Amino acid sequence: MVQQPYEYRRRELVEPDWRRLPGWAAVTAGEWQSAQWQRAHCVKNARQLREVTGAGLTDAFLADLARDQRDRATMSMLIPPQMLNTIAPQVPASCAGFTDAWYADPVRRYMMPVFSDRQPQWPSHPYAQRDSLHEAEMWAVEGLTHRYPTKVLAELLPTCPQYCGHCTRMDLVGNPTATFGKHKFGLPREDRLTAMLDYLRRTAGVRDVVVSGGDVANLPWPRLESFVAALLAIESVRDIRLASKALMGLPQHWLSPQVRAGMSRLTATARARGVSIAIHTHVNAAQSVTPLVAKAARAMLEAGVRDVRNQGVLLRGVNADWSGPAGKPGAGPLLDLCFALLDEAGIVPYYFYMCDMIPGAEHWRLTVGQAQELQGAIMGYLPGFATPRIVCDVPYVGKRWVHQVARYDTTRGISYWTKNYRTAIEAGDELALGREYAYYDPIHLLPADGQDWWRARCAA
Ligand code: SF4
């Protein structure tokens, strides 16, 4: 029998034992399950990481981390114990290979990037931008992006319980880093949220609201509940999606009695009105799906949420690798993640986004061609309804399935895309639908003549 490229095997979820880490050796199960304890013990710098891991991580690793925070990082460090505990889960801190396991670990690679991870020649693409999707340009009112005709993105707040190194909203979200300041909202939060609701009340063409940030888990529950309740009172709103990576990073929040009871109230109103409320989360690696994460997802489904869906990000060295036969993309990490989500947590794999063109992202990004290969490699294993689409979020266009590319210059790594709707800033632009919009592959992955072309262009 010839082996399948991917062998499905059901894997039991594991909550790694946090007591293997010296700093948490005395932490009780009760403390671990408290959202408050988790928030109070997030790791924010190399010194705190040393306190948790003891002598397990070498000085060289910590210096590599500190150098990245000083010279490259677009996001400050913030990682809840729940997430940190999934890094190198099998390796005790006393083991000689602890640092190597951390360097190689998928969760560490995107939550705690180190300087040596970054692409040395082209750490940033020449066309990288802080707000690479131009969301702020499309704000109908401050924080409310109206890009697609029938749906909007409401950025309620600029913080999260965890900060991802590759965050696409690095312009707005999180604390300033040594090299990147952050855009600050001009209006106080209450004024912004009121303006968003007013806009939606007078814009009947919008039926779908993504309630995001940041992460809605950082908004005090009563305020989030009242905002969603106000959305439910708007006749034209039919779909509400709450964006929270914390369902995975801080499941303790979504398991709290206050949140569960509040969600049940909201879904009861939604059901009565025929509106659907879903949660969209962001999980990039199978090891992040632990029993607590599955419990939180199921708690939300029991509270009446229609679906919990995953929008992961396709990241080299995290869930995308080329270790398959003859350099073919290995679908294993993506499929392992999708099956863990679907089989064990009831979370629907929905999208994998290509990593956006923000500064410092080149070591994570893939070419459009590689993303197309990965899309092909994952087809046929999952049920159709749970087979994620790999999408490219093309500036000024929006999400496009990677096979929708109109033209593709693989030497220079430039793909061209078209669209079938106008964004809010193109209402008077008759040519918007006839234009092609460019997206750029990482230069270090191009053939030699493509790299030479970019070098000459940048030198000119
Ligand atoms: S949770 Fe989302 S918004 Fe927050 S840092 Fe991560 S990617 Fe950015």
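Biologist: Let's start with strand β5, residues 239-243. How many of its five residues are buried?
Modeller: Four of the five, so to speak "mostly covered" is a fair label for β5. Keep in mind that this is a predicted model.

Biologist: Okay! Which way does β5 pair with β4, parallel or antiparallel?
Modeller: Parallel: strand β4, residues 208-212, is joined to β5 by four bridges. If you'd like a spot to look at, D208 stands opposite D239 in β5.

Biologist: What kind of sheet do those two belong to?
Modeller: An open sheet of 10 strands, running in order from β1 through to β10. The pairing in this sheet is mixed.

Biologist: And which strands sit at the edges?
Modeller: β1 (139-141) and β10 are the edge strands, and each of them pairs on one side only.

Biologist: Can you give me another pair from that sheet? How do β6 and β7 run?
Modeller: Strand β6, residues 276-281, pairs with β7 in the parallel sense, over four bridges. One residue to click on is H280, whose bridge partner in β7 is R309.

Biologist: What about the β9 and β10 end, parallel or antiparallel?
Modeller: That one is antiparallel: four bridges join β9 (residues 389-394) to β10 (residues 398-401). There, D393 stands opposite K399 in β10.

Biologist: How many residues lie between the strands of that hairpin?
Modeller: Three, and Y396 in the hairpin takes a positive phi near 70 degrees.

Biologist: Let's switch to helices. How far apart are the end C-alpha atoms of α14?
Modeller: They are 19 Å apart. Helix α14 covers residues 332-345, so it has 14 residues, and at 1.5 Å a residue they should span 20 Å, which agrees.

Biologist: Is α14 mostly covered or mostly open?
Modeller: Mostly covered, with 10 of its 14 residues buried. Among them are L334, L335, F339 and L341, and E344 is on the list of buried residues too.

Biologist: What do those buried residues pack against?
Modeller: Two helices and two strands: α13 (291-302), α15 (368-378), β7 (307-314) and β8 (347-354).

Biologist: Why would residues spaced along a helix point the same way?
Modeller: An α-helix makes a turn every 3.6 residues, so residues three or four places apart point the same way.

Biologist: Thanks! What comes just after α14?
Modeller: G346, which takes a positive phi of about 70 degrees.

Biologist: You mentioned α13. What span should its 12 residues have?
Modeller: At 1.5 Å a residue they should span 16 Å, and the end C-alpha atoms of α13 are 16 Å apart, which agrees. Its buried residues include L292, V293, A296 and M300. Just after α13, G304 takes a positive phi of about 105 degrees.

Biologist: New topic: domains. Where does the assignment put them?
Modeller: The domain assignment gives domain 1 as 23-117 and domain 2 as 136-394. Their C-alpha centres lie 24 Å apart.

Biologist: How many residues are in contact between them?
Modeller: On the domain 1 side there are 28, in contact with 35 residues of domain 2. Four helices, α2 (35-40), α4 (59-71), α5 (81-84) and α7 (106-111), each supply at least two residues of the side of domain 1 that touches domain 2. The largest share of that side comes from α7, with five residues.

Biologist: What's that side made of, by class?
Modeller: The side of domain 1 that touches domain 2 has 14 nonpolar, eight polar and six charged residues.

Biologist: Last stop: β11, β12 and β13. What sort of sheet do they form?
Modeller: An open sheet of three strands in the order β11-β12-β13, with antiparallel pairing. β11 (407-409) and β13 (437-440) are its edge strands. Neighbouring strands of this sheet are turned by 20 degrees against each other on average, direction ignored.

Biologist: How many bridges hold β11 to β12?
Modeller: Three, and β12 is residues 414-417. The bridge partner of R407 in β12 is Y416.

Biologist: I've clicked on G428 too. Where does that one lie?
Modeller: G428 is in the loop between β12 and β13.

Biologist: Why does G428 count as exposed?
Modeller: Because G428 has 7 C-beta neighbours inside 10 Å, and the exposed class takes 12 or fewer. For a sense of distance, the C-alpha atoms of G428 and I347 are separated by 40 Å, and the two residues are 81 residues apart along the chain.

Technical notes:
Residues are numbered from 1 along each chain as its sequence is written. This is a predicted model: local features need pLDDT of at least 70, side-chain atom pairs count only at pLDDT 80 or more; totals for chains, interfaces and linings use all residues. Two strands pair if DSSP finds at least two bridges between them. Axes are lines fitted to C-alpha atoms, for helices over the stretch in contact, and angles run from 0 to 180 degrees between N-to-C directions. The expected span of a helix is 1.5 Å times one less than its number of residues. A residue is buried if 20 or more other C-beta atoms lie within 10 Å of its own, exposed if 12 or fewer, and partly exposed in between; C-beta atoms are placed from the backbone. Two residues are in contact if their C-beta atoms, placed from the backbone, lie within 7 Å. Domain bounds come from an automatic or database domain assignment. Ala, Val, Leu, Ile, Met, Phe, Trp, Tyr, Cys and Pro count as nonpolar, Asp, Glu, Lys and Arg as charged, and the others, Gly among them, as polar.
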